[in-house]
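Student: Could you pick one part of this model and take me through it closely? I would like to know how far to trust the model, and then how your chosen part sits among its surroundings.

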Amino acid sequence: THYFVLMDVIMLSPDTLLLFLTASLLLCIAPGPDNIFVLTQSMLRGVGSGLFVTFGLCTGLLVHTSAVALGVAVIFQQSLLAFTILKLCGAAYLLYLAWGAFRAGASGLGSLKAAALDKTALYRRGIVMNITNPKVSIFFLAFLPQFTNPTQGHLTLQLLELGAIFIVCTLLVFGLVSLLAGKLGNWFNQSPKAEVIMNRVAGSVFAALAVKLSLTER
């Protein structure tokens, strides 16, 4: 009996699955802090680095999905203090990245040394970038439940399933962004002057994202 109940949860109806996939892909494609972050890192450090950042971002999405499924995300929706603390931590981290980008010259972020940055560090960078954005949890809290069906089984399992599908869509879209941006970055890196420009642009993007996040309201 438990097996068939679980299968009902795992198998979304074709209409629901198609609608959710379409919405998820469009949301992943729409410009936002995460895909802009992947784009800049891929251009500065190459395709592989962008992919590791993507893996980190998707790990962060696992945390947000779990938070929604377990009801923790409601805290950030209802508590102004918790929401403010988390978003300010995220903004501070983005400013730290902006500072590093502005300090880097032609021999900085665009160099082979930077390209060889520890992949674990890039993975952690993606996790921190995603987790410290409370808007993601609140978005999931509003988005995922719309595609659940109480008659199909446990809502927690359905939310986890939908979150997993969204993460797969994120991997596909952000992976493509990493590939295209990495190719473009390789072309720019042939010129030291272009490297400096890329670093300044990346720093400006990080700073703008920090300001945007710090001004975000629930």
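Tutor: Let's begin with trust: over residues 106-116 the pLDDT stays under 50, where pLDDT is the predictor's confidence in each residue, from 0 to 100. For that stretch the model has 22 contacts beyond four places in sequence, a contact being heavy atoms within 4.5 Å. Helix 7, residues 112-115, has the lowest mean pLDDT among the elements, at 44. Residues 1-9 also stay under 50, and the model has 9 contacts beyond four places in sequence for them. At the other end of the scale is helix 4 (residues 47-70), with the highest mean, 91. Over the whole protein the average is 77, and 75% of the residues score at least 70.

This is a predicted model, so local features need pLDDT of at least 70 and side-chain atom pairs count only at pLDDT 80 or more, while totals for chains, interfaces and linings use all residues. Residues are numbered from 1 along each chain as its sequence is written, and side-chain values use heavy atoms, with hydrogens and water left out.

Now the setting. The protein has 11 helices and 0 strands; both are DSSP runs numbered from the N terminus, H or I of at least four residues for helices and E of at least two for strands. Of the 218 residues, 44% are buried, where buried means under 20% relative accessible area, exposed over 50% and partly exposed in between (1.4 Å probe, protein chains only). Among contacts between residues at least 6 apart in sequence, 85% join residues at least 24 apart.

The part I would pick is helix 9, residues 134-143. Helix 9 is mostly covered, with 7 of its 10 residues buried. Those buried residues are Pro134, Val136, Ser137, Ile138, Phe140, Leu141 and Phe143.

Serine 137 is a good place to stop. Serine 137 counts as buried because its relative accessibility is 3%. Its side chain is joined to that of histidine 64 by a polar contact of 2.4 Å. Here a polar contact is a pair of N or O atoms within 3.5 Å; within protein, one must be able to donate a hydrogen and the other to accept it, and residues adjacent in sequence count only if both atoms are side-chain atoms.

Histidine 64 comes up again with phenylalanine 139: these two residues are 75 apart in sequence and 9.5 Å apart in space, C-alpha to C-alpha. Phenylalanine 139 is also in helix 9, but it counts as partly exposed because its relative accessibility is 31%. Leaving aside residues up to four places away in sequence, phenylalanine 139 touches Leu27 and Phe166.

Further along helix 9 is alanine 142, which counts as partly exposed because its relative accessibility is 48%. Alanine 142 and valine 68 are 74 residues apart in sequence, with their C-alpha atoms 9.3 Å apart.

Phe143, one of the buried residues of helix 9, leads us to phenylalanine 20. Phenylalanine 20 belongs to helix 2, residues 14-29, and counts as buried because its relative accessibility is 0%. Not counting residues up to four places away in sequence, phenylalanine 20 touches Phe143, Leu144, Phe147, Leu162, Ile165 and Phe166. Phe166 therefore deserves a second look, as it is also touched by phenylalanine 139. From phenylalanine 20 to isoleucine 165 there are 145 residues in sequence, yet 8.6 Å between C-alpha atoms.

For the wider surroundings, turn to helix 10, residues 155-188, where serine 178 is found. Serine 178 is buried because its relative accessible area is 0%. Its contacts, not counting residues up to four places away in sequence, are Val38, Ser42, Val47, Gly50, Leu51 and Thr54. Leucine 62, in helix 4, counts as partly exposed because its relative accessibility is 49%. The C-alpha atoms of leucine 62 and isoleucine 167 lie 7.7 Å apart, with their positions 105 residues apart along the chain.
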